[in-house]
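Reader: I am new to this structure and would be grateful for a close look at a single part of it. Could you please take me through the largest nonpolar core and what lies around it?

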Amino acid sequence: MPTWLEGVGRVGRATIQDVARHARASAASVSNFLNRPERMSRELHTRIERAVDELGYVPHLPAQQLRRGRSQLVGVCVVDAADPFLASVVRAVEQRLDPQGMTALVASSHGSADRQRSLLGLFEQLRLDGVVVTPCDADLSTLHDLQRRGTAVVLVDAADPTGVLPSVTLDHVAGGRLAAQHLVDGGRRRLVAVPGPERVTQVADRLAGARGVATAHGVELRVVEVARLDLDEGRRIGADLAAQPASRRPDGVLAGNDVLAVGILQELLAAGVRVPQDVAIVGHDDVDLARTAAVPLTTVRQPTAEIAALTAQLVVAQGPVVGTTLVPELVVRASSGPAGS
């Protein structure tokens with residue numbers, strides 16, 4: 001004959017009523033044990049604690065949220081949590097939230113607007129205290145609706161042109177300008193940009209900056225579209241560049257991120273194309289991989305720690321709308337020396 005306790009284990013999770021019966025206490029006493037333990041006697045506290053352990057009871061988060069009025073959880077929706085730059089931002093945001101007793105729930109949209117909407121809907125249903133988003137496109141209407149319904153929203157690596165949503169972003173036009181100007185100053189005259197999908201605002205802004213430099217100096221700038229900014233796509237682009245005749249091959253590359261740039265670099269070197277003598281390369285983000293590449297990579301640095309600090313501050317404070325635009329920095333390394341050097 002199975003005992004009542006064994007039946008609870010098989011049928012499903014123990015409830016607060018199960019704990020109360022097992023401890024010979026009221027449901028209100030169990031609630032006090034979970035939320036206001038100082039209000040009960042030591043003997044009753046010990047009885048309920050033993051029942052919780054024996055039943056494996058886990059408190060119901062939504063119920064606790066209702067009592068506290070806060071979840072202590074922040075949703076983080078990024079394009080790709082495996083991207084080294086975004087991973088570093090997420091890690092830094094987590095470190096900033098932790099002292100506030102807050103935890104980040106992280107998910108990737110993988111560049112899909114539908115998936116982003118689905119994730120944001122889930123975050124809203126969970127009644128999270130705030131949501132941090134790197135939008136996958138320029139349409140912010142879903143985020144505006146989320147904010148209007150009471151969920152605090154903070155944009156990272158994007159700005160809201162309407163000024164409704166607080167944001168922390170980089171001046172991407174300046175970033176594209178810095179990278180292109182550096183290559184032009186080094187004597188490069190045939191540039192190729194591999195920036196990622198132009199529907200993404202950051203990508204469009206970087207291209208605008210680079211195109212402005214190219215136009216001002218009468219320099220060729222060709223754009224190569226890629227679906228992903230990863231090593232495999234970089235290797236594919238690098239192989240295509242290496243296969244072109246030296247007289248027509250671009251002598252300067254503007255890559256959408258450092259991972260893509262390293263993939264391009266690897267294929268060029270494998271094909272005997274010298275970097276930077278024949279082709280100079282500039283990446284973006286300044287992740288660890290940039291410093292440890294076979295030819296250390298010149299890149300546009302995004303200030304990760306500052307981005308994370310400002311983002312966490314906006315989420316925790318939930319005060320007036322603030323839009324902060326940070327200035328990028330060009331970090332010059334061996335991959336972009338002067339032409340023919």
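Author: The following account begins with the core and then turns to a pocket and a few salt bridges. The model is a predicted one.

The largest nonpolar core holds 24 residues, and those that touch the most other members are Val74, Val76, Phe85, Val89, Leu97, Val132 and Ile307. At least two residues each come from strand E1 (73-78), helix H6 (84-97), strand E4 (152-156), strand E5 (167-170) and helix H14 (304-317). The greatest contribution is that of H6, with seven residues. Val132 illustrates how the parts meet: beyond its neighbours within four places in sequence, Val132 is in contact with Val74, Gly75, Val76, Cys77, Val154, Val156, Thr311 and Val315. A second core, separate from this one, has 23 residues, including Val192, Leu241, Ile264 and Val275.

Helix H6 also takes part in the lining of the largest pocket, to which H6 and helix H10 (201-217) each supply at least two residues. This pocket encloses about 700 Å³ of space. Among its 29 lining residues, Val79, Asp80, Asp83, Leu86 and Leu229 lie nearest the centre. By character, the lining comprises 14 nonpolar, seven polar and eight charged residues.

Helix H10 leads on to the salt bridges, of which the whole structure has 17. One of them joins Arg211 to Glu198, with the closest N and O atoms 3.8 Å apart. Because Arg211 lies in helix H10 and Glu198 in the loop between strand E6 (190-194) and H10, this pair ties together parts that are 13 residues apart in sequence. Arg211 is partly exposed at 37% relative accessibility, and Glu198 is likewise partly exposed, at 36%.

Methods
Residues numbered from 1 in each chain as written. Predicted model: local features only at pLDDT ≥ 70, side-chain atom pairs only at ≥ 80, totals over all residues. Heavy atoms only, no water. Core = buried A, V, L, I, M, F, W, Y, C linked by side-chain atoms within 4.5 Å. Buried < 20%, exposed > 50% of the residue type's maximum accessible area, 1.4 Å probe, protein only. Helix = DSSP H or I, 4+ residues; strand = E, 2+ residues; numbered from the N terminus. Contact = heavy atoms within 4.5 Å. 1 Å grid on protein atoms, 1.4 Å probe; cavity = no way out; pocket = protein on both sides within 12 Å on 5 of 7 lines; lining within 4 Å. Points joined across faces, edges and corners; volume = space filled by probe spheres on them. Nonpolar A, V, L, I, M, F, W, Y, C, P; charged D, E, K, R; others polar. Salt bridge = Lys/Arg side-chain N within 4 Å of Asp/Glu carboxyl O.
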